[in-house]
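Visitor: Please take one part of this model and describe it closely, then follow the description into its surroundings.

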Amino acid sequence: MNNFKYTSVIVRDVSDSLGEEALRMDDGPVVDMEKVRLQHKEYVRTVRSLGLKIIKMDADHSLPDSVFVEDPAVVIGTAVLLPKLGHPSRRPETNAMQKVFEGIPGMKIHKMEDIDPMATLDGGDVLFTGQEIFVGQGSRTNERGVKVLSQVFSGFKVTSIEVNGHLHLKSVCTLAADDTIILATGDDESTGIVKRLQSAATGKYKYLEVKGKSSGANCVYIESNDEPTVIHQSFSVYPQIEQAYNSLKGRKIAVDTSELSKVDGCLTCLGIFLTI
Ligand code: CIR
């Protein structure tokens with residue numbers, strides 16, 4: 001399977017209600033919606049420039065967090081799991097997502113709620129490395145959600161990692177190359193999470209460590225266009241990550257999504273990458 005040779009990406013236009021109503025872990029600075037839209041546009045332009053087809057969903061202004069499309073779908077190959085999202089306000093997001101996948105020939109859709117109505121999961125908790133799947137268990141994903149994920153993607157080993165102090169597993173670690181996981185170790189919670197992941201891992205990986213804001217370790221790894229590419233956060237916003245990303249082979253592209261990080265959005269959360 002060409003796990004990371006993506007051909008298309010699902011994105012969703014920004015909801016007008018994001019600034020005022022999106023969920024956030026901390027009360028913080030006001031969100032500048034103009035900046036959010038510009039940063040989202042730039043992200044979409046970057047992904048398109050890599051040759052990927054953009055499948056764009058319309059904004060739903062009644063769903064403030066719906067730009068974060070990674071959470072309402074987990075896709076590996078032709079299998080898609082539509083989870084029951086961890087936070088009730090986000091659960092309707094899977095309705096439009098289901099319609100999108102029904103329109104893509106060859107996809108096999110699994111609805112978490114039909115398998116176990118008590119299970120919850122956010123896609124941001126699911127880290128697929130090509131060798132195995134790690135799934136964060138914390139405020140959004142419960143044990144039953146992990147179980148449903150293991151059933152749907154039964155061809156891979158699924159390991160649950162306790163997540164505390166951060167929204168999702170991928171808030172602190174993501175894949176940066178086919179054999180490399182980039183990890184945040186800037187605070188006690190992220191250090192604990194990545195230590196648990198490292199001791200549970202059965203695949204062979206190199207680990208790249210970054211300090212500072214944990215979301216500096218959230219990047220998108222793509223093998224389309226015959227050159228491994230990493231889309232990472234801007235070095236001017238996250239100076240601590242420069243050395244780590246520069247040590248990777250292949251193409252590196254910076255995209256600034258710092259305005260979305262005010263409501264806990266990372267880079268991975270803005271797209272669902274498909275290989276078919
Ligand atoms: C939430 O709390 O659900 C949103 N404000 C942020 C979700 C970000 N999702 C992700 O990184 N996968």
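**A helix, the core and the ligand**

Guide: On the side of helix α5 other than that of its buried residues, E143 and K147 are exposed, where exposed means over 50% relative accessible area, buried under 20%, and partly exposed in between, with a 1.4 Å probe and protein chains only. The model is a predicted one, in which local features need pLDDT of at least 70 and side-chain atom pairs count only at pLDDT 80 or more, whereas totals for chains, interfaces and linings use all residues. Residues are numbered from 1 along each chain as its sequence is written, and side-chain values use heavy atoms, with hydrogens and water left out.

Helix α5 spans residues 143-152, and G145, V146, V148, L149 and V152 are its buried residues. They lie on the same side of α5 because they cover an arc of only 160° around the axis; the arc is taken from the directions from the helix axis to the C-beta atoms. Helices (H or I, at least four residues) and strands (E, at least two) are DSSP runs, numbered from the N terminus. In general, an α-helix has 3.6 residues a turn, so residues three or four places apart point the same way.

From α5 the description passes to the core. L149 is, with L18 and Y43, among the residues with the most contacts inside the largest nonpolar core, which has 77 residues. Helix α2 (residues 33-49) supplies the largest share of this core, five residues. A nonpolar core is here a set of buried Ala, Val, Leu, Ile, Met, Phe, Trp, Tyr and Cys residues joined through side-chain atoms within 4.5 Å. Neighbours within four places in sequence being left aside, Y43 is in contact (heavy atoms within 4.5 Å) with V9, V11, V255, L267, L270, G271 and F273. Apart from this core lies another, of 15 residues, including V69, A73, V75 and M97.

The ligand has 15 residues around it, of which D65, E70, D71, R90 and V263 come nearest; a residue counts as near if one of its heavy atoms lies within 4 Å. A nitrogen atom of the ligand is 2.7 Å from a polar side-chain atom of D65, and a ligand nitrogen lies 2.8 Å from a side-chain N or O atom of D71. For L23, a polar backbone atom is 2.8 Å from a nitrogen atom of the ligand. The protein covers 99% of the 340 Å² of accessible area that the ligand has on its own.

R90 sits in the loop between β4 (79-82) and α3 (93-102), and R90 is buried, at 4% relative accessible area. Its side chain makes a polar contact with that of E93, at 2.8 Å. Such a contact is a pair of N or O atoms within 3.5 Å; within protein, one must be able to donate a hydrogen and the other to accept it, and residues adjacent in sequence count only if both atoms are side-chain atoms. Beyond four places in sequence, R90 is in contact with L23, D65, F68, D71, P72, L85 and R140.

E259, in helix α8 (residues 258-261), is buried at 3% relative accessible area. The side chain of E259 makes a polar contact of 2.6 Å with the side chain of K262. Residues up to four places away in sequence not being counted, E259 touches V30, V31, D32, K35, V36 and Q39.

Note on methods:
Areas by Shrake-Rupley, 256 points an atom, 1.4 Å probe, with all protein chains shown as cover.
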